[in-house]
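Here are my notes on the model you asked me to look over. I have kept them as numbered points so you can check each one against the structure.

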Protein chains: 2
Amino acid sequence: MNKKNKSLSKNQKLVLDFIQGNKKPVKAYSILSNVQKKGINAPPQVYRALDKLIEMGKIHKIESQNSFVACSTSDCETPHAIAFSICNNCDEVSEINDSKLFKYLLDFRDSNGVKFAGYNLEFFGICKSCEQIQKV
Amino acid sequence: MNKKNKSLSKNQKLVLDFIQGNKKPVKAYSILSNVQKKGINAPPQVYRALDKLIEMGKIHKIESQNSFVACSTSDCETPHAIAFSICNNCDEVSEINDSKLFKYLLDFRDSNGVKFAGYNLEFFGICKSCEQIQKV
DNA sequence: AGCATAGTGTTATATTATAACATAAAATAT
DNA sequence: ATATTTTATGTTATAATATAACACTATGCT
């Protein structure tokens with residue numbers, strides 16, 4: 001058991017369950033329509049849960065897509081230091097877990113010598129399966 | 001004169017002029033209301049110009065803010081390889097121009113050995129002036 | 001028990017972005 | 001120089017994303 005694992009509220013659980021049930025990132029209104037049978041009725045309820053889950057590091061927001069995906073590490077240490085690869089062809093998103101990269105970025109200082117508290121990094125390219133298809 | 005400097009259309013010029021006239025990133029509807037006296041009437045006209053300007057590397061989109069800012073290098077070589085710092089306190093955004101960082105990221109390969117065509121990187125933290133204020 | 005904090009439910013509305021269609025201007029090829 | 005293609009424009013309507021504001025409820029402290 002992890003100290004950081006604050007117990008989730010009802011709506012937070014519902015939203016997280018749905019996100020975790022999807023390999024691909026999901027959109028807020030898709031979450032909404034899928035949890036409506038379970039008692040969530042309106043956008044603010046979804047967005048509030050999303051905000052908290054992001055804070056807790058349970059999920060991440062893919063900024064360039066306005067979509068949300070479960071964190072691939074069981075308990076994210078650095079909710080605001082995260083990297084994704086996004087396929088320009090099929091929109092597949094995967095989380096990049098490369099400790100060297102993370103260290104490089106968290107240690108990075110700007111020209112004023114200022115370190116940053118976090119970052120969001122999205123790589124774009126063609127994923128392996130799309131590349132295969134193009135070759136055929 | 002630069003070969004890459006395709007001449008801009010009327011709407012593209014209007015939109016770019018307004019963005020360049022602002023130190024801070026601007027929002028699409030703020031652009032719209034500011035160019036309305038100059039003959040642009042509706043959102044699609046703004047968004048179309050924005051799309052083209054991004055393609056050309058004249059401007060960048062700050063994904064986490066849905067805002068747009070002029071590229072700080074006169075003629076951006078890598079429109080989709082860009083880094084910003086964003087102040088969590090005052091929302092100030094500045095473009096980070098660090099060739100080492102750029103090279104590191106463009107050379108980065110994921111666990112499959114796949115290189116990426118581009119990336120978007122946003123650092124978050126407290127900017128220098130906000131830090132000063134907090135100390136006082 | 002009393003209080004503070006966090007979460008819920010709801011309505012309405014703000015903000016961001018695109019679809020779809022008709023037309024016009026510009027660039028390129030023959 | 002004109003036909004063709006590509007790019008841009010103008011317009012209306014609407015889709016998609018996100019938050020404000022308010023009343024109320026549950027939970028965790030001390």
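**Notes on the model**

1. Three helices each supply at least two residues of the surface near DNA strand D: helix H3 (43-56) of chain A, and helix H1 (10-20) and helix H3 (43-56) of chain B. Here "near" means that a residue has a heavy atom within 4 Å of the strand. Helices (H or I, at least four residues) and strands (E, at least two) are DSSP runs, numbered from the N terminus.

2. Some ground rules before going on. This is a predicted model, in which local features need pLDDT of at least 70 and side-chain atom pairs count only at pLDDT 80 or more, while totals for chains, interfaces and linings use all residues. Residues are numbered from 1 along each chain as its sequence is written, chains are lettered from A and ligands numbered from 1 in the order in which they are written, and side-chain values use heavy atoms, with hydrogens and water left out.

3. Back to DNA strand D, which has 18 residues around it; Tyr29(A), Lys61(A), Asn41(B), Gln45(B) and Arg48(B) come nearest. Sugar and phosphate make up 45% of the strand D atoms that come within 4 Å of the protein. By class, this surface has six nonpolar, six polar and six charged residues. For these classes, Ala, Val, Leu, Ile, Met, Phe, Trp, Tyr, Cys and Pro count as nonpolar, Asp, Glu, Lys and Arg as charged, and the others, Gly among them, as polar.

4. Which atoms lie by the phosphate oxygens of DNA strand D? A polar side-chain atom of Gln45(B) sits 2.7 Å from one, and a polar side-chain atom of Asn66(A) sits 3.4 Å from one. Asn11(B) uses its backbone instead, with an N or O atom 2.9 Å from a phosphate oxygen.

5. Now DNA strand C. Of the 18 residues around this strand, Asn41(A), Gln45(A), Arg48(A), Tyr29(B) and Lys61(B) come nearest. Of the strand C atoms within 4 Å of the protein, 47% belong to sugar or phosphate, and the rest to bases. The surface near strand C divides into six nonpolar, six polar and six charged residues.

6. For phosphate oxygens of DNA strand C, look at three side chains. A polar atom of Lys61(B) is 2.7 Å from one, an N or O atom of Lys10(A) is 2.9 Å from one, and a polar atom of Tyr47(B) is 3.1 Å from one. The elements giving two or more residues to this surface are H1 and H3 of chain A, along with H3 of chain B.

7. How do H1(A) and H3(A) pack? Their axes are 9 Å apart and meet at an angle of about 75°; axes are lines fitted to C-alpha atoms, for helices over the stretch in contact, and angles run from 0 to 180 degrees between N-to-C directions. That angle makes H1(A) roughly perpendicular to H3(A), a label covering 65 to 115 degrees. On the H1(A) side, the contact (heavy atoms within 4.5 Å) is made by Asn11(A), Gln12(A), Val15(A), Leu16(A) and Ile19(A), while H3(A) brings residues including Gln45(A), Ala49(A) and Leu53(A). The contact residues divide into seven nonpolar, three polar and one charged.

8. In chain B, the buried residues of H1(B) are Asn11(B), Gln12(B), Leu14(B), Val15(B), Leu16(B), Phe18(B) and Ile19(B). Buried means under 20% relative accessible area, exposed over 50%, and partly exposed in between (1.4 Å probe, protein chains only). Among the elements covering these residues are helix H2 (28-35), H3 and strand S2 (59-62) of chain B.

9. Chain A as a whole has five helices and six strands. Buried residues make up 45% of its 136 residues.

10. Pro25(A), in the loop between H1 and strand S1 (26-27) of chain A, counts as buried because its relative accessibility is 18%. Beyond neighbours within four places in sequence, Pro25(A) is in contact with Ile62(A), Gln65(A), Ser67(A), Phe68(A), Val69(A) and Val93(A). Its C-alpha is 9.6 Å from that of Asp91(A), 66 residues apart along the chain.

11. Two phi values deserve a look. Most residues other than glycine have a negative phi. Asp91(A), which is not a glycine, has a positive phi of about 70°, and Asn66(B) has one near 50°. Asp91(A) is partly exposed at 47% relative accessibility, and Asn66(B) is partly exposed at 41%. Asn66(B) lies in the loop between S2 and S3 of chain B.

How values were computed
A polar contact is a pair of N or O atoms within 3.5 Å; within protein, one must be able to donate a hydrogen and the other to accept it, and residues adjacent in sequence count only if both atoms are side-chain atoms. Angles under 35 degrees count as roughly parallel, over 145 as roughly antiparallel, 65 to 115 as roughly perpendicular and the rest as oblique.
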